[in-house]
Every structure is written in structure tokens, then in C-alpha cells.
Amino acid sequence: MAKYLISFPSAAMDVPDGELGAVGRDAAAVIDEAKAAGVYVFAGGIDEDVPPVLVSADGAVARGGYPWAPTLDGGFTVLELPSRDEAIAWAARMAKACRCDQELRVFGFDPQS
């Protein structure tokens with residue numbers, strides 16, 4: 001089985017006024033379904049109130065991330081699934097709950113994980 005990343009950037013969410021609570025409940029319901037199905041690994045969102053830092057090999061810390069990289073924000077879910085088709089189906093459920101398209105990626109297999 002492979003692990004899949006289902007994610008979206010913060011700017012993708014265009015939730016009408018008064019619907020944010022429903023989005024949260026709907027997204028939590030999909031996560032609960034993933035847990036019940038035994039495919040849930042991890043989910044969360046980037047805390048945009050905490051700025052990133054760049055840490056070098058010698059332990060030096062610089063404010064900000066890579067200056068050339070796009071901003072990393074939004075929400076993500078990691079599920080362990082037997083097929084890409086099932087990952088697409090879960091991503092569609094998340095898209096419906098979050099009211100925005102979801103990006104789907106597969107993690108490369110790491111035999112030490």
C-alpha cells in the first residue's frame with residue numbers, strides 16, 4: 001500500500017460567509033470516515049501564524065523558507081491506500097467537504113519507514 005498526500009493551498013478555499021463551520025464539520029467527518037476505514041495516517045494544516053525558518057546543516061537558523069519556493073500553507077491529509085483510484089475517491093470526498101479542489105500526490109516508498 002502507498003501513502004498519498006491530499007492537500008490544498010489556503011487561497012483555494014473560497015468559502016461563502018457563514019459556511020466555514022459547516023466546512024470544518026464536513027472535513028472532520030471525512031477524516032473520521034478515513035479513521036474508521038483504517039486508512040488514516042495524519043492530517044492537519046500549516047499554522048500560518050508561525051513563520052518558517054530555514055535550518056542549515058550546521059544548525060544555523062535563518063528567518064523564512066527558501067526564497068525561491070512558493071509559500072507552503074493550507075491543509076493536508078495523508079492516507080495509506082491500496083490504489084491510486086481509491087486515493088482519487090478520497091480526494092474527491094475531501095474536495096466536496098472543503099469546497100475546493102484537492103491536489104493528490106503519492107509518497108515514494110521508503111523501506112526504512
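**View A. Strands S2 and S5 run antiparallel, joined by five bridges.** This is a predicted model. Strand S2 covers residues 40-45. One bridge pair can be picked out by residue: alanine 43 has threonine 77 in S5 as its partner.

**View B. Strand S1 also pairs with S5.** S1 spans residues 2-8 and runs antiparallel to S5. Seven bridges join these two strands. Look for leucine 5 in the close-up: valine 78 of S5 stands opposite leucine 5. S5 itself takes in residues 75-81. Is S5 mostly covered or mostly open? S5 is mostly covered, with five of its seven residues buried.

**View C. Threonine 77 sits in strand S5.** Its relative accessible area is 4%. Buried means under 20%, so threonine 77 counts as buried. Which residues does threonine 77 contact, leaving aside neighbours within four places in sequence? They are Tyr4, Leu5, Ile6, Ile31, Phe42, Ala43 and Met94. One of them, Ala43, is also the bridge partner of threonine 77.

**View D. The largest nonpolar core has 18 residues.** Seven of them touch the most other members: Ile6, Val39, Leu79, Leu81, Trp90, Met94 and Cys98. The elements giving two or more residues to this core are S1, helix H1 (20-37), S5 and helix H2 (84-98). Which element gives the largest share? H2 does, with six residues.

**View E. Leucine 81 is one of the core residues that touch the most other members.** Set aside residues up to four places away in sequence. Leucine 81 then touches Met1, Ala2, Tyr4, Val39, Glu86, Ala87 and Trp90. Among these contacts, Val39 and Trp90 are also listed with leucine 81 as core members that touch the most others.

**View F. Cysteine 98 and cysteine 100 do not form a disulfide.** How far is the sulfur of cysteine 98 from the closest cysteine sulfur? The distance is 5.4 Å, and that closest sulfur belongs to cysteine 100. Seen from cysteine 100, the closest cysteine sulfur is that of cysteine 98. A disulfide needs the two sulfur atoms within 2.5 Å, so this pair is too far apart for a bond. A search of the whole structure finds zero disulfides. Are these cysteines buried or exposed? Cysteine 98 counts as buried, at 4% relative accessibility. Cysteine 100 is buried too, with a relative accessible area of 8%.

Definitions and conventions. Residues numbered from 1 in each chain as written. Predicted model: local features only at pLDDT ≥ 70, side-chain atom pairs only at ≥ 80, totals over all residues. Heavy atoms only, no water. Buried < 20%, exposed > 50% of the residue type's maximum accessible area, 1.4 Å probe, protein only. Helix = DSSP H or I, 4+ residues; strand = E, 2+ residues; numbered from the N terminus. Pairing = 2+ DSSP bridges. Core = buried A, V, L, I, M, F, W, Y, C linked by side-chain atoms within 4.5 Å. Contact = heavy atoms within 4.5 Å.
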